[in-house]
Amino acid sequence: MLATITRRILQGLIVIIGITVITFVMLRLIPSDPSRTMAPNATEEQLMQLKEQMGIGDPIPTQFVKYVKNLMRGYMGYSYFQKADVSTVIAKALPMSSILLLFAIIIAVVFGLLLGITAAINSNTWIDRLISGFSVLFQSMPNYWVGIILIQIISVQLKLLPSTGYKGIRYSILPSIVLALPMTAVLIRNIRASMMDSINQNFVKAAKARGIPSWSSLIKYSFRNSLIPMLTLFGTQLGVLLGNCVVVEYVFGYPGIGMQILNAIVRRDYYLVQGLVALLSSFFIIVNMAIDIGYIYLDPRIRKAQGGL
Amino acid sequence: MSERIKKVLSFLRKNPSFTIGLIIILITLFIAIFADSIVPFDPAASSPKDRLAPPFWSSGAKPGHILGTDYIGRDLVSRVFMGIRTSVFISFLSVGTAIIIGMTVGLISGLSHPGPIDSILMRITDIQMGFPFIVLAIIILTLVEPTVTSCIVVLSLASWPAYARVLRSNVMLEKEMDYIAAAKAMGASSTRIAIKYLGRNFLPSILPVMPMDIAGAIITESLLSFMSIGIQPPNISLGNIMADGRNYISTSWWITAIPGVVVMIIVLALNLMGDTLQKYFDPKLNK
Amino acid sequence: MKQNADVKKQQTVQPDVLLEVKDLKTYFYMPSGAVVKAVDGVNFTVKKGSVLGIIGESGSGKSVTSRSIMRIVDEPGKIVGGEINFKNRNLLKLSEKEMSRIRGSQISLIFQDPTTSFNPYMTIGEQLIEAYLVHKKASKEEIKQRCIEVLKMVGISNHEEIMKKYPCEFSAGFRQRIFIAMSMIFKPDLLIADEPTTSLGITIQAEIIEALIDVKKEAGNSVIIITHDFGVVSQFSDDIFVMYAGRCVESSPKKKLLLYPRHPYTVGLIRSVPLLEARKTKRLKSIKGFPPDMVNLPKGCAFSPRCEFVQPKCLEEQPMLREIEEGRMVACHYPLMDYRTSDDTTLE
């Protein structure tokens with residue numbers, strides 16, 4: 001057991017290192033000079049000096065070694081365009097994206113469960129068809145497009161919520177709804193499917209024979225029973241969610257990690273891109289690792305097979 | 001042969017959602033292939049006097065421009081048709097590329113399992129899956145010129161790891177099967193075995209995923225073009241049209257809305273097909 | 001014997017009848033368009049405090065009958081006709097809400113496979129408590145008391161320990177005992193046991209039957225036991241009801257049926273049981289052929305393709321269930337009037 005976990009962690013580390021190296025190399029290959037962007041009218045000499053300051057003066061391998069050395073000391077580099085340490089920029093942007101993701105996940109889970117269970121209980125009635133139909137529809141809409149349309153309808157026409165930028169928590173509502181939509185759709189479909197699976201399980205029938213009404217046994221039995229497939233789903237959906245987060249932040253001009261990453265790439269803010277990419281991928285990999293370990297705790301049968309843990 | 005046609009027809013009859021999806025996709029393909037012959041106007045020809053004309057159902061619609069015009073008076077139907085062509089071309093080819101890359105990697109990996117080559121290839125697959133795709137796509141498209149070819153390659157990066165994994169596990173399972181040993185005993189080379197036997201079993205496992213991947217590619221392509229790092233004007237993409245319309249959305253919402261609806265319909269059709277195929281090929285449901 | 005048939009007892013509703021199933025029909029509408037008549041016009045009664053054994057091969061409709069009584073028939077099955085009168089109330093006329101109040105409190109169903117009939121993610125205690133709380137608000141102490149009682153009924157004494165554990169930590173036989181205990185938590189008037197021993201080993205089978213007998217003795221309720229095994233019903237039933245292809249082929253008090261089976265199918269079933277005290281001399285034989293294809297039943301008697309006494313009429317005309325002796329019904333054109341399973345007359 002412990003060996004499995006160790007191997008997982010090692011594999012995860014390899015992946016994070018690989019992503020860091022690839023990002024580093026790709027960024028340096030982009031044919032453009034960030035020092036020139038910083039100081040368009042500077043002389044060659046001034047540029048050399050600036051490059052030195054920005055940490056991009058040395059040959060690429062040297063730069064990489066320095067970067068890794070800094071990382072070892074816990075220093076992620078300096079963003080010249082933001083005039084701040086990468087860690088400071090991240091510390092400022094991370095809560096913004098976290099709120100967005102958190103809201104989106106809450107919305108998706110609440111509505112996914114609610115509608116998924118409703119559809120399953122009323123399977124093959126018009127309610128089920130309506131919910132399932134809408135979920136296929138929302139799954140098929142391009143997320144960024146939904147964002148644009150909703151800004152237009154809800155912010156511009158109806159003036160219910162602010163549209164872009166960030167001046168308070170109200171600015172997080174619409175982007176999180178947009179972010180939540182495709183995930184909700186996926187959850188509805190999956191929860192419905194796994195509930196339908198559970199309905200046919202013997203113990204759910206046995207519960208019904210004990211007078212436990214079908215909706216109650218469905219929620220209690222099937223929900224607990226479908227937690228594991230849901231967890232798997234969450235692992236695979238997380239990548240989609242993070243990607244959509246970048247896009248939604250772009251559409252809404254929302255100053256989170258995604259917006260920072262896009263700006264950093266455009267400006268060739270190397271160390272900032274580097275830090276943000278590492279952050280996103282580590283998050284993704286760690287969550288997926290945690291999910292693998294979570295299985296063991298969720299299923300008493302696996303727990304028993306593992307001898308307690 | 002007629003037996004086979006009968007089987008297909010009964011499958012279509014039993015799965016109306018698949019049939020609807022298929023019909024939409026066939027129409028889409030028809031538009032994509034014959035786009036330049038069926039467009040009512042030159043998609044690039046601007047006509048300032050007709051600019052920002054609304055679609056046919058609103059007052060002030062200009063005759064001929066069924067779905068209205070954009071900010072310099074280009075016909076929206078014509079532009080959407082050309083956009084469909086670009087989207088379909090790029091998404092189909094990118095998934096095709098992904099399958100080829102995935103099959104190659106999966107085959108090598110599975111045949112060399114267990115071993116260092118397999119481990120390395122699998123870690124590369126992990127890295128690909130762990131890299132936030134949209135970020136990778138943006139970095140690559142700033143690194144290289146955003147052309148149709150580079151878009152195809154970038155989009156194929158999104159889905160090849162899944163194919164590689166499926167083929168690898170198939171190969172690993174099939175390697176142990178008796179008929180492979182029998183074929184080997186009869187003197188077939190391992191490459192031939194791989195292609196003949198493994199390829200055949202690969203199809204059922206990738207067929208249900210393919211429509212969804214194509215759908216994903218269509219969405220991502222339109223997104224990249226919308227962010228103006230994908231297909232560049234004067235080439236027309238559905239994403240380009242939406243980006244053009246965004247500045248005029250308050251007054252001329254249709255320029256942005258219509259290409260989005262088109263993307264949605266195509267993606268919906270592909271999802272419907274994928275759903276049915278998934279159920280059809282699910283061994284659990286096929287008792 | 002003919003005389004006995006003349007002195008008919010009244011067949012109308014008697015005060016001591018607990019359950020009366022009248023012309024029950026449960027059909028399955030398959031997606032392919034075929035209709036499977038899993039239960040096709042079944043009649044029987046269960047008296048208060050008595051045990052009815054329903055016997056038949058798999059696919060004969062006996063399990064569907066039990067699920068119809070509970071109204072938990074799986075899709076695409078539908079109860080399309082008949083009456084199920086329980087304590088003079090037609091269960092088929094009740095709303096789903098009223099029905100669920102009866103399930104588990106007045107009628108309980110024991111399932112075939114105890115390894116799948118528990119929720120694997122809830123402890124035994126949680127499931128017992130849940131079973132109690134569905135029907136009655138009660139204090140923790142009260143519930144605990146009742147749990148101890150029912151667990152004792154099935155011979156389980158270390159309740160503290162058991163209630164904290166998950167179902168997967170017990171053997172199948174033990175789980176079935178717990179399930180029986182859980183079914184008895186409200187002292188139901190009717191306990192239906194649907195093949196309660198089929199998935200268990202031989203030695204455990206006896207243990208479970210004993211537990212059922214003990215529980216019945218203590219609670220005095222009525223029981224329907226559904227099985228394909230004459231060994232089970234011969235130990236534990238007052239009347240026997242033989243089903244074939246969704247219909248009743250023979251019903252009779254236990255002893256008479258075991259000694260003088262009248263339907264060729266019953267004869268075949270009894271012959272295939274190894275451990276029956278009533279017949280020691282005959283060779284062990286199984287019925288030839290396979291259970292019928294429920295989609296395409298033969299035109300005449302459903303059993304005709306497998307019957308060793310088949311006559312031309314059997315292939316043409318479906319035999320109706322008729323009374324041939326007092327309390328004995330048979331659906332056969334040519335019942336075996338002279339057959340007996342044992343020459344030992346003392347058994348009568």
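A residue counts as buried here if 20 or more other C-beta atoms lie within 10 Å of its own. Keep that in mind as we walk through this predicted model, starting with chain B. Of its 287 residues, 44% make the cut as buried.

What is chain B built from? Helices: there are eleven of them, and zero strands. Read from the N terminus, the order is simply α-α-α-α-α-α-α-α-α-α-α. Now look at which parts of the chain touch each other. Taking the contacts in chain B with a separation of 6 or more, 70% are between residues 24 or more positions apart.

Over to chain A. This one mixes its elements, with 14 helices and two strands. Its C-alpha trace spans about 85 × 60 × 30 Å along the principal axes. Chain A has 309 residues, and 40% of them count as buried. As for its contacts with a separation of 6 or more, residues 24 or more positions apart account for 67%.

So much for the chains one by one; what about the place where they meet? The contact draws 35 residues from chain A and 32 residues from chain B. On the chain B side, the helices that each give at least two residues are H4 (116-130), H5 (133-143), H9 (209-226), H10 (238-246) and H11 (254-281). And what sort of residues does chain B turn toward chain A? Sorted by class, that side has 22 nonpolar residues, seven polar ones and three charged ones. If you want to trace it by eye, helix H4 (116-130) of chain B is one of the elements to pick out, since it is among those supplying at least two residues there.

Conventions: Residues are numbered from 1 along each chain as its sequence is written. Chains are lettered from A and ligands numbered from 1 in the order in which they are written. This is a predicted model: local features need pLDDT of at least 70, side-chain atom pairs count only at pLDDT 80 or more; totals for chains, interfaces and linings use all residues. Two residues are in contact if their C-beta atoms, placed from the backbone, lie within 7 Å. Helices (H or I, at least four residues) and strands (E, at least two) are DSSP runs, numbered from the N terminus. Ala, Val, Leu, Ile, Met, Phe, Trp, Tyr, Cys and Pro count as nonpolar, Asp, Glu, Lys and Arg as charged, and the others, Gly among them, as polar. A residue is buried if 20 or more other C-beta atoms lie within 10 Å of its own, exposed if 12 or fewer, and partly exposed in between; C-beta atoms are placed from the backbone.
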